[in-house]
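Trainee: I have a model open on my screen and would like to walk through it with you. Could we take it one question at a time?

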Amino acid sequence: MDIKSLAKEAIAAKENAYVPYSHFRVGAALLTAGGKIYTGCNIENAAYTPTNCAERTAFFKAVSEGEREFAAIAITGDADDYLYPCGVCRQVMAEFCNPKEFQVVLVNTESDYRIVTLEEILPGAFTVADLEKGQKK
Ligand code: THU
């Protein structure tokens, strides 16, 4: 899977964004270790807090279909610069992804993107390893 195709899927996924409140569309395309793509968009709600980001939509679709290993996610939004994932979505990524290897692709256009690793954007993530340390006491 090339990055350009993944970027294209994220751009297409943005079209389904349900954003009557912010009018800020976001699209994501999540690549599994096996080469499948799950897309997502943001889905807002009149009560505001139930809003789901595009990235989490993609992750939850994939995980609910049995996927557990991921290689990369492309993200694009209605911004005129690279859109970084919110903190909550970074934490969801940390649950499933290798921080040094998982690639977060910030997409402006099919040919204009920046790649960062999960570790770069979420250093010192809280993970199951921290829970296990607590259980020893
Ligand atoms: N949003 C995302 O979908 N992903 C992000 O990484 C940042 C924020 C959405 C949530 C909300 O629907 C809108 O963008 C404005 O915050």
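Mentor: Happy to, and keep in mind that this is a predicted model. A good place to begin is helix H2, where Ala-54, Glu-55, Arg-56, Thr-57, Ala-58, Phe-59, Ala-62 and Val-63 are buried.

Trainee: Is H2 largely enclosed or largely open, then?

Mentor: Buried here means under 20% relative accessible area. Eight of the eleven residues of H2 meet that mark, so the helix is largely enclosed by the rest of the structure.

Trainee: And what covers the buried residues of H2?

Mentor: Look for the elements in contact with those buried positions. One helix and several strands are included in the cover: E1, strand E2 (37-41), E3 and H3.

Trainee: Which element gives the most to the largest nonpolar core?

Mentor: That core has 26 residues, and those with the most contacts inside it are Phe-59, Ile-73, Met-93, Phe-102 and Val-104. Two or more residues come from each of strand E1 (26-32), helix H2 (54-64), strand E3 (70-77), helix H3 (87-96), strand E4 (103-109) and helix H4 (118-121). With five residues, the top contributor is H2.

Trainee: What is Met-93 in contact with, leaving aside its neighbours within four places in sequence?

Mentor: Met-93 is one of the buried residues of H3, along with Cys-89, Arg-90, Val-92 and Ala-94. The cover over the buried part of H3 includes H2, E3, E4 and H4. With those sequence neighbours set aside, the contacts of Met-93 are Glu-55, Phe-59, Ile-73, Ile-75, Pro-85, Phe-102, Val-104 and Leu-118.

Trainee: Let's turn to the ligand. Which residues surround it?

Mentor: By class, the shell has seven nonpolar, three polar and two charged residues. Going through them in sequence order, you meet Ser-22, Phe-24, Val-26, Asn-42, Glu-44, Thr-51, Cys-53, Ala-54, Glu-55, Tyr-84, Pro-85 and Cys-86.

Trainee: How much of the ligand's accessible area does the protein cover?

Mentor: Start with the polar pairs: a ligand oxygen is 2.9 Å from a side-chain N or O atom of Asn-42, and a ligand oxygen is 3.0 Å from a polar backbone atom of Ala-54. At Glu-55, the distance from a ligand oxygen to a side-chain N or O atom is 2.6 Å. On its own the ligand has 370 Å² of accessible area, and the share covered by the protein is 78%.

Trainee: Is Thr-32 buried or exposed?

Mentor: Thr-32 sits in strand E1. Not counting residues up to four places away in sequence, it touches Tyr-38, Glu-67, Glu-69, Phe-70 and Ala-71. Its relative accessible area is 2%, so Thr-32 is buried.

Trainee: What about Gly-66: how far is it from Glu-95 in space?

Mentor: Gly-66 lies in the loop between H2 and E3, and its phi is positive, about 100 degrees. At 49% relative accessibility, it counts as partly exposed. Gly-66 and Glu-95 are 29 residues apart in sequence, and from C-alpha to C-alpha their separation is 15 Å.

Trainee: Last one: what phi does Tyr-48 have?

Mentor: Most residues other than glycine have a negative phi. His-23, in the loop between helix H1 (3-13) and E1, has a positive phi of about 55 degrees. Tyr-48 is found in the loop between E2 and H2 and is exposed, with a relative accessible area of 57%. The phi of Tyr-48 is also positive, near 65 degrees.

Definitions and conventions
Residues numbered from 1 in each chain as written. Predicted model: local features only at pLDDT ≥ 70, side-chain atom pairs only at ≥ 80, totals over all residues. Heavy atoms only, no water. Near = heavy atom within 4 Å. Polar contact = N/O pair within 3.5 Å; in protein donor to acceptor, adjacent residues only side chain to side chain. Areas by Shrake-Rupley, 256 points an atom, 1.4 Å probe, with all protein chains shown as cover. Nonpolar A, V, L, I, M, F, W, Y, C, P; charged D, E, K, R; others polar. Core = buried A, V, L, I, M, F, W, Y, C linked by side-chain atoms within 4.5 Å. Buried < 20%, exposed > 50% of the residue type's maximum accessible area, 1.4 Å probe, protein only. Helix = DSSP H or I, 4+ residues; strand = E, 2+ residues; numbered from the N terminus. Contact = heavy atoms within 4.5 Å.
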